[in-house]
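Subject: The structure we talked about

Hello,

Here is the structure I promised to pass on. Please open it next to this email, and then read on for what I found.

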Amino acid sequence: MLLEDKTAVVYGGAGSVGAAVARAFAREGARVVLAGRTLATLDRVATEIAGAGGAVETAQLDALDERAVDEHADALAQRAGGIDVSFNAIRYGDVHGAPLLEMPFEDFARPITTAMRAQFLTMRAAARHMTRQGSGVIMAITAATARLAIPEIGGTGVTFDAIESLCRQWACELGGYGVRVLWLQTTGLPEAITDEVHPAYGTGSATGITRAELIAWMERSTMLNRLTSLAEVGNVAAFLASDRAAPMTAAAANLTCGQVPAR
Ligand SMILES: NC(=O)c1ccc[n+]([C@@H]2O[C@H](COP(=O)([O-])OP(=O)(O)OC[C@H]3O[C@@H](n4cnc5c(N)ncnc54)[C@H](OP(=O)(O)O)[C@@H]3O)[C@@H](O)[C@H]2O)c1
């Protein structure tokens, strides 16, 4: 197993991405902590992981709350003997389906400021322990929109671009301690694109694009004519978190099915 004896915390662990990553980490032998604001949804994922034989616990916390994030990381590191992997997959309150021309500044800026605060706080909390240990992997998820300009996605592209830049900054400051920082750059994830998550794209929305039409359009924009699955996100996250990926830092795992060709 890739992650035997590792302790991994997944912020947003009840979400589509967070749960997929947590499942893969647990399957590869990690002790997984699912962190989020709602215990009921965290418990559902934890029950499923435990049912499959995984070692899992939950923690109710807001990733925007500096003290809560620090206290949880400190207590976890003390109890578990360290933190080996930190993955932040929370959602940032993006608004899609309206042109910037009509968008209130707050709707544009919310995902950027939320992502920067949550990612910075959770990365710093883990990094303080990982630097003492001399090892650890910090990870985030972005999407093709970090590199592609797509209309009517508000602050999402800027948010992902900023997360990738933040990862590079952390990586250059943590590399000397043996700590790696990586991000997964994906296509839109069809299993995670519910009409709730992207209401502006639902039938009868301002743009009139149905979920199926959105997915078909995204598929056509890739070289492989397909989109990334949640299981694939989990599999690659587990590999990156493992020692098999030891030389990788300040790097994206490009899971865009060719939507964003590497240079
Ligand atoms: N869906 C896609 O196609 C796609 C593609 C690429 C990248 N991404 C990115 O991947 C991330 C996760 O997406 P998803 O589809 O998995 O979202 P999701 O299903 O809505 O899950 C997000 C999770 O984050 C938790 N959360 C939100 N705010 C939080 C906070 N302040 N503190 C702690 N937990 C918080 C939520 O639970 P509580 O509200 O209960 O806390 C929820 O469980 C997002 O940043 C998204 O932009 C998504």
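Below are my notes, going from the strands to the ligand and then to a few single residues. Please keep in mind that this is a predicted model.

**A covered strand, β6**

A good place to begin is strand β6, which spans residues 179-186. How many of its residues are buried? The count is 8 of 8, so the strand is mostly covered, where buried means under 20% relative accessible area. In a regular strand, side chains alternate between the two faces of the sheet. In β6, Val179, Val181, Trp183 and Gln185 point one way, while Arg180, Leu182, Leu184 and Thr186 point the other way. The residues of both sets are buried, Arg180 and Gln185 included.

**Its partners**

β6 has strand partners that you can trace on your screen. Strand β5, residues 136-143, runs parallel to β6 and is joined to it by 8 bridges. If you want one pair to look for, glycine 136 has valine 179 in β6 as its bridge partner. Strand β7, residues 251-255, also pairs with β6 in the parallel sense, over 5 bridges. Here the pair to look for is glutamine 185 with its bridge partner in β7, asparagine 254.

Helix α5, residues 156-174, belongs to this picture too: β5, α5 and β6 make a right-handed β-α-β unit.

**The ligand**

Now to the part you may like best. The ligand is surrounded by 26 residues, and the closest are Val17, Arg37, Thr38, Ile90 and Arg91. Which element gives the most to this shell? That is β5, with 3 residues, the strand that is also joined to β6 by 8 bridges.

These polar contacts are worth a look:

- Threonine 38 has a polar side-chain atom 2.5 Å from an oxygen atom of the ligand.
- Aspartate 62 has a side-chain N or O atom 2.8 Å from a nitrogen atom of the ligand.
- Leucine 189 uses its backbone: a polar atom there lies 2.8 Å from an oxygen atom of the ligand.

On its own the ligand has 890 Å² of accessible area, and the protein covers 88% of that. The elements that give two or more residues to the shell are α1 (16-27) and β5.

**Cysteines**

How many disulfides does the structure hold? The number is 0. For cysteine 172, the closest cysteine sulfur is that of cysteine 167, and at 12 Å it is too far for a bond, because a disulfide needs the two sulfur atoms within 2.5 Å. Is cysteine 172 buried or exposed? It counts as exposed, with a relative accessibility of 57%.

Cysteine 257 is another one to check. It is found in the segment after β7, and it is buried, with a relative accessible area of 11%. Its phi is near 55 degrees, a positive value in a residue other than glycine.

**Asparagine 225**

Asparagine 225 also has a phi near 55 degrees, again a positive value in a residue other than glycine. You will find asparagine 225 in the loop between α6 (211-220) and α7 (230-241). At 54% relative accessibility, asparagine 225 counts as exposed, whereas cysteine 257 is buried.

**A few more residues**

Threonine 187 sits in the loop between β6 and α6. It counts as buried, at 2% relative accessibility. A polar atom of its side chain lies 3.0 Å from the backbone nitrogen of threonine 228.

Valine 45 lies in helix α2, residues 39-51, and counts as buried at 8% relative accessibility. In sequence, valine 45 is 31 residues from alanine 14, yet the two are 6.0 Å apart in space, C-alpha to C-alpha.

Finally, arginine 31 is found in strand β2, residues 31-36. It counts as partly exposed, at 35% relative accessibility. Between arginine 31 and leucine 121 there are 22 Å in space, C-alpha to C-alpha, and they are 90 residues apart in sequence.

Happy to go through any of this with you on screen.

Best wishes

Definitions and conventions: Residues are numbered from 1 along each chain as its sequence is written. This is a predicted model: local features need pLDDT of at least 70, side-chain atom pairs count only at pLDDT 80 or more; totals for chains, interfaces and linings use all residues. Side-chain values use heavy atoms; hydrogens and water are left out. Buried means under 20% relative accessible area, exposed over 50%, partly exposed in between (1.4 Å probe, protein chains only). Helices (H or I, at least four residues) and strands (E, at least two) are DSSP runs, numbered from the N terminus. Two strands pair if DSSP finds at least two bridges between them. A crossover is right-handed if, with the strands pointing away from the viewer, the path from the first strand over the helix to the second runs clockwise. A residue is near a molecule or strand if one of its heavy atoms lies within 4 Å of it. A polar contact is a pair of N or O atoms within 3.5 Å; within protein, one must be able to donate a hydrogen and the other to accept it, and residues adjacent in sequence count only if both atoms are side-chain atoms. Accessible areas come from the Shrake-Rupley method with a 1.4 Å probe; for residues, only the protein chains shown count as cover.
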